[in-house]
Amino acid sequence: MFKKLDILDERDKRLRLISREVTFPISKEYKSLIQRAIDHLTYSQIEEYEKKYNLRPGMGLAFPQLGINERIIIIVNEVDDGVFENYVVINPQIVSNSAEMVAVEAGEGCLSVNREVPGQVLRYARVTIEGFDEDGNKIRVRAREDLSVAFQHEIDHLNGILFFDRIDPNKRFYSDIEIRLI
Ligand code: NI
């Protein structure tokens, strides 16, 4: 049975805390919450379920958005029509990044931000992330384009940063001459 997650709204102060490093082994409760986050994000990207369960589409979540200030992120990336790749990274760190920056043309969204915020966020076009899987095994992920943006957005949540903090109020939008828009 699918049960929608309770996701904190941007006004909740817990979203502004620096989250703790996770110690292994992780609890059954955390594992089940991770699975629920994967289901929630997957369903939110499938029109039929999005409507049925009244979900906002989203590709990523971080544990602080569930009221738990621990360093766990979950990303569900649609790589092809109806084909999804899941990433669960615990204690994630960006170990290298491209010099090239990009911005999502339409601006970023966040499941904790229930309003339109006009503006674009500069992000690395490519990042390499290191961290651990649910069983404590070391993992490394290379991400580019949308997936790279998603990783940077979710890791920001672990440091109490919301995407609109990174929008320059004096320059909310860029042209594709200034930055590559994706
Ligand atoms: Ni977010």
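1. In this predicted model, glycine 82 adopts a positive phi near 75° in the hairpin formed by S2 and S3. Two residues lie between the strands of that hairpin.

2. Strands S2 and S3 (residues 83-97) run antiparallel and are joined by eight bridges. Within this pairing, isoleucine 73 stands opposite valine 89 of S3. As general background, side chains in a regular strand alternate between the two faces of the sheet.

3. Strand S2 (residues 72-80) also pairs with strand S1 (residues 60-62); the two run antiparallel, with three bridges between them. Here glycine 60 is placed opposite isoleucine 75 of S2.

4. A nickel ion is coordinated by Cys110 through SG and by His153 and His157, each through NE2, at 2.1 to 2.3 Å. Along the chain, the donors of the nickel ion follow the spacing C-x42-H-x3-H. Cysteine 110 and histidine 153 are 43 residues apart and link distant parts of the chain. Cysteine 110 belongs to the loop between strand S4 (101-103) and strand S5 (123-124), whereas histidine 153 belongs to helix H3 (residues 145-158).

5. Are these two nickel ligands, cysteine 110 and histidine 153, buried or exposed? Cysteine 110 has a relative accessibility of 6% and therefore counts as buried, the cut-off for that class being under 20%. Histidine 153 likewise counts as buried, because its relative accessibility is 7%.

Notes:
Residues numbered from 1 in each chain as written. Predicted model: local features only at pLDDT ≥ 70, side-chain atom pairs only at ≥ 80, totals over all residues. Heavy atoms only, no water. Donors = N, O, S within 2.8 Å, 3.2 Å for Na, K, Ca; no water. Helix = DSSP H or I, 4+ residues; strand = E, 2+ residues; numbered from the N terminus. Buried < 20%, exposed > 50% of the residue type's maximum accessible area, 1.4 Å probe, protein only. Pairing = 2+ DSSP bridges.
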